[in-house]
Amino acid sequence: MSFHPKMAYDATFHKSARELEAPGPLFVYTPENRARFDEIVKRYPPDQRRSAVLPSLYLVQHQQGYITANAMRHVSELLGITPADVEDVVSFYTMFYTKPVGKFVLQVCRTLSCALNGAERVTEELAAKLGIKSGQTDSTGTFTLIEVECLGACDRAPVVMVNDIWHECLKPDEAAKLVDDLRARGESALSGCHHAVETRRD
C-alpha cells in the first residue's frame, strides 16, 4: 500500500508560454554612452552596481531605440549581474521597449482623471489619424501609439507623453492637429510640463 498519489499515464506537463526576446544585432555602447555609463556607476558602491540598471537601460534605449536580448546581455556583463536580472527589469517597466518603435511614441494616460476628461476619445482620434490601433506603429515608422497608466499630471488631464515630454490638456478634437504639428515641428510642438514651466518662471 502506498500513500503517494498515483500518476496517470496520460499526465501532461505545462510548458512556459514565455517568449525569449529576439537577440537583435550585436550591441555595445558607443564611446560617448560608455563614458556616461562609467560616470553613472560611480554613484554606487562597487558591490551595488546593479542599482545602475535603470539608467543603463535608458542609455541603451536612447542609443538603439529599443532593448534587445544582446543589449540586455551587454548591460548585465558591465554590471556583474545575470541577463535574467536585466530582463526582469525590462519586462516590468512599461517605458522600456523590446521591439522597434516610431520616432514619436505617443503614450496616452488612461487613468481616472484623464479617463474622465476624454482620454479614451483622445486615443480613438489619434488611432484614426494614424490608421493604427493602440500598441501599433504606423506604416512610416514615425508614430507608435500606447495607452499607459498615470503620468502624474492629473490636474492637467488628458495628458499624452511624447517620448520623454508631456503634452497636457489635450482635447480629443485637438489630437489630429497634434500629429500634424509633430510632423511639422517635432517636439517643439509639445506643451511640456506645466509645473516645469512654472518653475522656470520663478
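This is a short tour of a predicted model, stop by stop.

**Confidence.** Colour the chain by pLDDT to begin. The chain averages 88, and 85% of its residues reach 70 or more. Then select residues 197–202, where pLDDT stays under 50. For this stretch the model has one contact beyond four places in sequence.

**Helix α1.** Next, select residues 31–41, which form α1. Show the side chains of N33, F37, I40 and V41, which are buried. These residues lie on the same side of α1, because they cover an arc of only 90° around the axis. Turn to the face pointing away from that buried side to find P31 and E32, both exposed. To see what covers the buried residues of α1, add α2 (53–64) and α3 (69–79), which are among the elements doing so.

**The largest nonpolar core.** Move on to L106, L126 and L182. Of the 32 residues in the largest nonpolar core, these three touch the most other members. Now display the elements that each give two or more residues to this core: the strands β1 (104–109), β2 (143–148) and β3 (160–162), together with the helices α6 (119–130) and α7 (175–185).

Keep L106 selected and show what surrounds it. Leaving aside residues up to four places away in sequence, L106 touches L126, L130 and L182, as well as F143, T144, L145 and I146, and also V160, M161 and V162.

**The second core.** Finally, select Y29, I40, L57 and I81. They are among the 21 residues of a second core, separate from the one just visited. I40 has appeared already, as one of the buried residues of α1.

How values were computed: Residues are numbered from 1 along each chain as its sequence is written. This is a predicted model: local features need pLDDT of at least 70, side-chain atom pairs count only at pLDDT 80 or more; totals for chains, interfaces and linings use all residues. Side-chain values use heavy atoms; hydrogens and water are left out. Buried means under 20% relative accessible area, exposed over 50%, partly exposed in between (1.4 Å probe, protein chains only). Helices (H or I, at least four residues) and strands (E, at least two) are DSSP runs, numbered from the N terminus. The arc is that of the directions from the helix axis to the C-beta atoms. Contact means heavy atoms within 4.5 Å. pLDDT is the predictor's confidence in each residue, from 0 to 100. A nonpolar core is a set of buried Ala, Val, Leu, Ile, Met, Phe, Trp, Tyr and Cys residues joined through side-chain atoms within 4.5 Å.
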